[in-house]
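Reader: I am new to this structure and would like a close look at a single part of it. Please take one strand and its surroundings, and set them in the context of the chain.

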Amino acid sequence: MGSGDGSARVDVAVLGLGEMGAALAGAILDGGHPTTVWNRTAGKGDALVAKGAGRVAGVRKAVAAGRVVVVNVKGNSVARELLETAGDDLRGRVVVNLTDGTSDEVREVAAAVAERGGEYLHGQIMTIAPGVGHPDATVFYGGSADAHERHRAVLRLLSGHAPLVSDDPGVAVLYGMAVHGTMWGLLNGFLHAAAALSDAGVEVGRFLKEAEGPLAALSMFLPSIAEEVDQSRFATPFGALRHHLPSIEDLARESRARGIDDGFPEYSRALVAAAIERGHGDDSYSRLVEHFRGV
C-alpha cells in the first residue's frame, strides 16, 4: 500500500471519466502513479490511455488493478452501485469517493465499502476541473485518518490543500455545502447590488474599486459570527439587529422604486423584523441562525 510517508508509487484506479474524473485521472497519472481507468463510455479514456493509463472493460477489473480507487460519477447511488459490483475485490483497497451528494448518501457508500473490507474517504472538491492539482485548490476529506495519512501524496496531486476534517465522511460534504451556500448568498447579494447600480448608470467595476475597504471588511466579521453561533451568545453592544432593519428597509424600497426584484432584501427584512418582534433587537445578526435551525 505504499511507504509510511505516502511518497511511494501507488496503483490507482479511477472510475468515471467525465470532465472532473478525467482531470483527476490526469493529475494522478502526471504524478507518476500507475493509473487504470474505467468509464461506461470507453472512448472517453482515449487521451489518458495515450498518456500511459491502462484501460479495462469492467469495474471489477479496474478495482482489482488499483490499491486506491478514485470514484467520480453522477450521484452516489451510481457510486454505490458500481462499488457493490466489485464485491470482495474491495477488500484491502482504499476508496476515495469524490462524487457529489448529501451527507447521508456518502455515509451509505462508506458503509457499503466497509462491508466489503475496504477503507473509505470521501472528498468534497472545491474547484472546477481546470483547477484540479492547483496549489490553491481545496478538497475536504472525511473518513479513515489512516488512509488519508498513507496516501497523502496521491491526494496532494488533486489539490494543494487536502485536510481531513472528520472521521465522519458526511462532515466533508457539509464543509463543501457550507462554502457553496456562503458563495451563493454572496453572489446573489452582489448581483442584486449590481442591478441597482447599473440601473442608476453606475459602473459596477468602479463601485468595487471605491468600496474595496468595506467589502474586504465583510469577511473579517465571519470569525466573530462563528464564535457567537458556537457559544450561543448573541447579545452585542454595536451593530444589533434593530440597527440593520432601517437599512434593509431602504434597500427593499429602493429596489421596488427601480423595478428591481426585491425578493432578496425582502427576505432579509422579514428575518430581521421577526427576530426583533421576538425580543432580539439588541442581538447580533448571528441570532438569525435560529431561524435557519427552525427554532
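Which domains does the domain assignment of the chain give? And, within that setting, which residues of strand β2 are on one side and which on the other?

Author: The model is a predicted one. Its domain assignment gives domain 1, residues 12-166, and domain 2, residues 203-293. Taken over C-alpha atoms, the centres of domain 1 and domain 2 are separated by 40 Å. The C-alpha trace of the chain spans about 65 × 40 × 30 Å along its principal axes.

Strand β2 covers residues 35-38. Thr35 and Val37 are on one side of the strand, Thr36 and Trp38 are on the other, and all of these are buried. Both faces of β2 are therefore covered, with buried meaning under 20% relative accessible area. For the chain as a whole, 41% of the 295 residues count as buried.

Strand β2 has pairing partners. One of them is strand β1, residues 12-15, which pairs with β2 in the parallel sense over four bridges. In this pairing Val12 stands opposite Thr35 of β2. Another is strand β3, residues 54-55, where the pairing with β2 is again parallel and runs over two bridges. Here Val37 of β2 stands opposite Arg55 of β3. Thus two residues named above for one side of β2, Thr35 and Val37, also appear in these pairings: Thr35 opposite Val12 and Val37 opposite Arg55.

The link from β1 to β2 involves a helix. Helix α1 takes up residues 19-30, and together β1, α1 and β2 make a right-handed β-α-β unit.

A record also describes this stretch of the chain. In an unreviewed entry, UniProt lists residues 11-159 as "domain: 6-phosphogluconate dehydrogenase NADP-binding". Over residues 11-159 the chain is 40% helix and 20% strand, and the C-alpha atoms at the two ends are 19 Å apart.

Taken as a whole, the chain has 14 helices and eight strands. Among contacts in the chain with a separation of 6 or more, 64% are accounted for by residues 24 or more positions apart. The chain exposes about 15300 Å², of which carbon and sulfur atoms supply 55%.

For a contrast with the buried residues of β2, take Ser232, in the loop between α11 (222-231) and α12 (241-257). Ser232 is partly exposed, with a relative accessible area of 45%. Its phi is near 55°, a positive value in a residue other than glycine.

Notes
Residues are numbered from 1 along each chain as its sequence is written. This is a predicted model: local features need pLDDT of at least 70, side-chain atom pairs count only at pLDDT 80 or more; totals for chains, interfaces and linings use all residues. Side-chain values use heavy atoms; hydrogens and water are left out. Buried means under 20% relative accessible area, exposed over 50%, partly exposed in between (1.4 Å probe, protein chains only). UniProt positions are given in the numbering used here, feature names are shortened, and annotations may be inferred rather than shown by experiment. Domain bounds come from an automatic or database domain assignment. Two strands pair if DSSP finds at least two bridges between them. A crossover is right-handed if, with the strands pointing away from the viewer, the path from the first strand over the helix to the second runs clockwise. Contact means heavy atoms within 4.5 Å. Accessible areas come from the Shrake-Rupley method with a 1.4 Å probe; for residues, only the protein chains shown count as cover.
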